[in-house]
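Here are some exercises to work through with the sequence and the 3D view side by side. Try each task yourself before you read its solution.

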Amino acid sequence: MLSEIRKDKKKLIKDPIKRLSYNGGGSAREVVRMIALALGFKIHEDENSISAYGGNAVRIADHCTNMQTWVDRGIWNAPIRLDVVIEEEPTQAVTQVKKGYNFIIVEFVYDITDFDPQNARTIAYDIRNVINGNQYANNARGERRPLKSTHNSNEINNITKIEI
């Protein structure tokens with residue numbers, strides 16, 4: 001009897017991604033927060049920005065990445081280094097890291113003004129699929145930006161693109 005009740009409870013639990021409700025017109029910050037909560041990511045937020053980490057080194061944020069943060073968090077050499085950015089104003093990735101750390105991050109950038117209500121769910125499902133061991137499908141069609149770490153202090157704010 002108890003096992004039947006547990007099975008019924010499992011049926012009642014809904015997929016948190018299906019419950020995402022974005023009707024358009026919201027901020028990138030709100031969309032990032034919704035997706036991060038649906039995926040169970042740890043959120044880091046201040047008055048200027050939001051970012052969240054989960055899975056095996058997957059980041060979602062309202063601004064492009066600073067690759068030194070990946071070094072500081074000890075995830076620079078994780079098997080998956082995916083960065084999903086939903087932004088209102090264009091930002092630039094910072095590729096400058098401490099010497100001795102050479103790695104690549106694949107960043108996908110989405111403009112919130114091009115978002116439709118389904119995009120938040122689509123991105124969340126694409127991220128979940130990466131956590132489950134699949135490639136990032138990019139079904140919401142973000143701009144793909146492969147980033148390579150740099151060590152020259154003259155390149156602090158430049159994006160170094162490479163082909164993967």
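**Exercise 1: Aromatic pairs**

Task: In this predicted model, find how many aromatic pairs there are, and work out how the rings of Tyr53 and Trp70 are arranged.

Solution:
- Step 1. The count comes to five aromatic pairs.
- Step 2. For Tyr53 and Trp70, the ring centres lie 6.2 Å apart and the planes make an angle of 75°. Planes over 60 degrees apart count as edge-to-face, so this pair is edge-to-face.
- Step 3. Now place the two residues: Tyr53 belongs to strand β2 and Trp70 to helix α3 (residues 67–72). They are 17 residues apart, and the pair links distant parts of the chain.
- Step 4. Check the surroundings. Buried means under 20% relative accessible area. Tyr53, at 11%, counts as buried, and Trp70, at 0%, is buried too.
- Step 5. Try another pair: Tyr110 and Phe115 are also edge-to-face, with 6.5 Å from centre to centre and 85° between the planes. Both of these residues are buried.
- Step 6. Finally, look for a cluster: Trp76, Tyr101 and Phe103 are linked by ring pairs.

**Exercise 2: Reading the sheet**

Task: Describe the order of the strands in the sheet and name its edge strands.

Solution:
- Step 1. Follow the six strands across the open sheet: the order is β1-β2-β3-β4-β5-β6, and the pairing is mixed.
- Step 2. An edge strand pairs on one side only, and here that applies to β1 (42–45) and β6 (143–148).
- Step 3. Neighbouring strands in this sheet are turned against each other by 20° on average, direction ignored.
- Step 4. Zoom in on one pair of strands. β3 (residues 58–61) and β4 (residues 82–87) run parallel and are joined by four bridges. The bridge partner of Ala61 in β4 is Val85.
- Step 5. Move to Ser51, which sits in strand β2 (residues 50–54). Ser51 has a relative accessible area of 11%, so it is buried.
- Step 6. List its contacts, leaving aside neighbours within four places in sequence: Ser51 touches Lys42, Ile43, His44, Arg59, Ile60, Ala61 and His63.

**Exercise 3: Salt bridges**

Task: Find how many salt bridges the whole structure has, and say which parts of the chain the Asp15–Arg128 pair ties together.

Solution:
- Step 1. Recall the background: side chains of opposite charge can pair when their charged atoms come close.
- Step 2. A search of the whole structure gives five salt bridges.
- Step 3. In one of them, the side chains of Asp15 and Arg128 meet at 2.7 Å, N to O. Asp15 is in the loop between α1 (2–12) and α2, while Arg128 is in helix α4, so the pair ties together parts 113 residues apart in sequence. Arg128 is partly exposed, with a relative accessible area of 26%.
- Step 4. Next take Glu45 and Arg33, whose side chains meet at 2.3 Å, N to O. Because Glu45 lies in strand β1 and Arg33 in helix α2, this pair ties together parts that are 12 residues apart in sequence.
- Step 5. Compare accessibility with the cut-offs: Glu45 is partly exposed at 39%, and Arg33 is partly exposed at 27%. Arg29, Arg33 and Glu45 are linked in a network of salt bridges.
- Step 6. Last, Asp83 forms a salt bridge with Arg59, with the closest N and O atoms 2.5 Å apart. Asp83 lies in strand β4 and Arg59 in strand β3, so the pair ties together parts that are 24 residues apart in sequence. Both Asp83 and Arg59 are buried.

**Exercise 4: Checking a helix**

Task: Test whether the span of helix α4 agrees with its number of residues, then find what covers its buried residues.

Solution:
- Step 1. Helix α4 (residues 119–131) has 13 residues and, at 1.5 Å a residue, should span 18 Å. The expected span uses one less than the number of residues.
- Step 2. The end C-alpha atoms of α4 are 18 Å apart, which agrees.
- Step 3. Pick out the buried residues of α4: Asn119, Ala120, Thr122, Ile123, Ala124, Asp126, Ile127 and Val130.
- Step 4. A useful rule for reading that list: an α-helix has 3.6 residues a turn, so residues three or four places apart point the same way.
- Step 5. What covers the buried residues of α4 includes α2 (28–39), β3, β4 and β5 (104–111).
- Step 6. Look just beyond the helix: α4 is followed by Gly133, whose phi is positive, near 100°.

Terms used. Residues are numbered from 1 along each chain as its sequence is written. This is a predicted model: local features need pLDDT of at least 70, side-chain atom pairs count only at pLDDT 80 or more; totals for chains, interfaces and linings use all residues. Side-chain values use heavy atoms; hydrogens and water are left out. Two strands pair if DSSP finds at least two bridges between them. Axes are lines fitted to C-alpha atoms, for helices over the stretch in contact, and angles run from 0 to 180 degrees between N-to-C directions. Buried means under 20% relative accessible area, exposed over 50%, partly exposed in between (1.4 Å probe, protein chains only). Contact means heavy atoms within 4.5 Å. A salt bridge is a side-chain nitrogen of Lys or Arg within 4 Å of a carboxyl oxygen of Asp or Glu. Rings of Phe, Tyr and Trp (its six-membered ring) pair if their centres lie within 6.5 Å; planes under 30 degrees apart count as stacked, over 60 as edge-to-face and the rest as tilted.
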